[in-house]
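This report first considers the chain as a whole and then turns to one of its helices.

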Amino acid sequence: MNLAKNLEMSAFFFPKRPAVSEDGKETSYAYLNECANRVATALLKIGIASGDHVALCAPNSGDWLAFYFGVIKIGAVAVTLSSQLKADEMTLLVNHSRPKAIFTHDGKLGDLEKLRGKDCLEKIICPEGDLSFEKLLDSGEGVFKAVDAERTATAAILYTGGTTGIPKGVMLSHENINAAIHTVVHHELSTEYDKALCFLPFNHVFGQMHIMNATILSGGCLELMPGFDMDRVLAAMKAGRITKFFSVPTIYVRLLTLDRLKETMGDVRYCFSAAASMAAETVHQWKERTGLSIYEGYGMTEAAPTVAYNHQYRHVIGSVGTEVPGVEIQIRDEKGNMLEPNSAGEVCVRGPNIMKGYYNNVEGTRKAFWPGGWFRSGDVGVLDVNGYLFIVDRLKDMIITGGENVYSLEVEEVLYAYPDVQECAVIGTPDKEWGERVTAFILPKPGRVIDEGDLKDFLKTRLSAYKVPKCFFVVDDLPRSPAGKLLKRKLRQSFLKDDDST
């Protein structure tokens with residue numbers, strides 16, 4: 001088995017169809033596969049062998065794709081890093097993964113030069129590095145077949161979690177990734193005629209697996225953008241260049257502020273939201289305004305990423321759907337005991353898509369699993385009697401106030417129903433009397449003003465008194481990751497810093 005065979009098969013079946021579109025320029029499957037072959041053979045010539053780590057640290061591009069598949073074709077491991085890493089973050093992850101070569105851009109060259117060492121960064125591939133990508137292609141050969149690898153061999157390492165302490169490099173095998181992306185293609189009814197928007201970074205599991213690898217598997221076209229640009233996205237939609245729209249909740253909220261939204265969507269047939277829970281109110285408004293459902297699923301880097309999917313047969317708003325084929329979900333208590341339906345506990349997952357483990361982190365891997373191969377997600381969820389999964393909160397985001405458990409997502413759902421709230425985040429902050437107090441950060445809709453008294457009255461009619469936030473902060477923006485995920489830890493850090501200064 002080799003993940004790169006998906007590219008080879010699409011190039012065989014659809015050689016002339018576009019694999020990538022960037023700024024109106026299209027790259028065919030035949031040419032993308034040829035470039036990947038040239039990368040593969042060139043890497044072999046400079047001493048990269050099966051099992052070696054080779055990193056990518058660059059923005060999304062067709063060149064990124066060719067390099068990625070070239071690495072995987074020879075049985076090497078693609079270590080995918082964010083192009084936005086700072087020097088200290090880069091040092092930590094490079095020293096941890098020890099790649100023999102890296103595909104990057106000139107802006108990272110100074111930081112990377114300092115990290116060269118034995119069996120680490122022997123070749124830096126960028127315009128001002130050891131050799132440019134173009135010279136790498138020129139030195140390779142256009143014909144090459146992906147090597148047969150063990151299905152359990154690591155194909156890619158993706159980093160998740162924080163960038164301090166012990167890094168969590170998720171090892172995903174060829175089997176893990178293939179199992180997950182076949183599920184995506186099945187549930188999204190993907191074909192070679194689809195045009196999938198991808199502005200989410202390829203180092204992130206959603207961009208790399210759910211969008212990029214699944215689209216390559218189905219023979220569709222990737223409409224690449226370096227990041228979310230409202231004008232460019234709207235222009236691409238109106239021009240009919242997008243049939244599948246992948247985004248995050250905050251962008252759906254922004255799009256809902258536009259007039260004539262249905263006409264703006266062009267040929268879009270499918271919408272999917274990732275990275276964070278979507279408020280039910282947003283899903284209702286989107287359906288009403290566009291006639292399209294916002295499909296959601298549940299996943300994580302360790303699951304490559306697909307665990308559950310809210311499919312077209314019975315789309316339950318507020319749920320993340322039912323388990324995908326081959327995957328099992330259980331809800332367990334803190335001792336690992338399985339709970340009955342409709343009980344809240346930790347979501348635990350088992351299946352062919354679940355990671356091999358964390359690279360060079362035996363203890364972290366041990367703690368991540370219950371016996372029997374059940375991965376502990378760290379999320380609190382509920383399975384109903386029909387097998388639909390509802391995510392209640394992250395375990396670490398659960399607030400304990402006066403001995404009562406408060407799930408931040410429940411409070412956020414009610415806040416989203418308030419007409420003046422555009423976005424919000426609820427966290428627990430220290431309180432000497434209650435342990436923690438429920439604290440809400442609110443981004444108002446444009447031109448709206450939040451009346452705290454009126455908002456509290458609204459919440460009191462819908463929530464138990466102990467769940468109503470004791471503190472409200474109206475903000476101009478909320479901290480997010482490059483993938484668009486809201487970062488509650490940043491809110492906590494900011495609050496504690498400001499609280500200490502008063």
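## Contacts and basis of the model

Of the contacts in the chain with a separation of 6 or more, where contact means heavy atoms within 4.5 Å, 64% are made by residues 24 or more positions apart. The model is predicted, so that local features need pLDDT of at least 70 and side-chain atom pairs count only at pLDDT 80 or more, while totals for chains, interfaces and linings use all residues. Residues are numbered from 1 along each chain as its sequence is written, and side-chain values use heavy atoms, with hydrogens and water left out.

## Overall dimensions and burial

The radius of gyration, taken over C-alpha atoms, is 23 Å, which agrees with the value near 23 Å that a compact globule of 502 residues would have under the rule of 2.2 Å times the number of residues to the power 0.38. Along its principal axes the C-alpha trace spans about 70 × 50 × 45 Å. Buried residues (under 20% relative accessible area, 1.4 Å probe, protein chains only) make up 57% of the 502 residues.

## Helix α4

In helix α4 (residues 87-97), the buried residues are Met90, Leu93, Val94, His96 and Ser97. Because these residues cover an arc of only 160° around the axis, they lie on the same side of α4, the arc being that of the directions from the helix axis to the C-beta atoms. Their cover includes β3 (53-57), β4 (77-80), α5 (109-113) and β7 (154-160). Just after α4, Arg98 takes a positive phi of about 50°.

Terms used: Buried means under 20% relative accessible area, exposed over 50%, partly exposed in between (1.4 Å probe, protein chains only). Helices (H or I, at least four residues) and strands (E, at least two) are DSSP runs, numbered from the N terminus.
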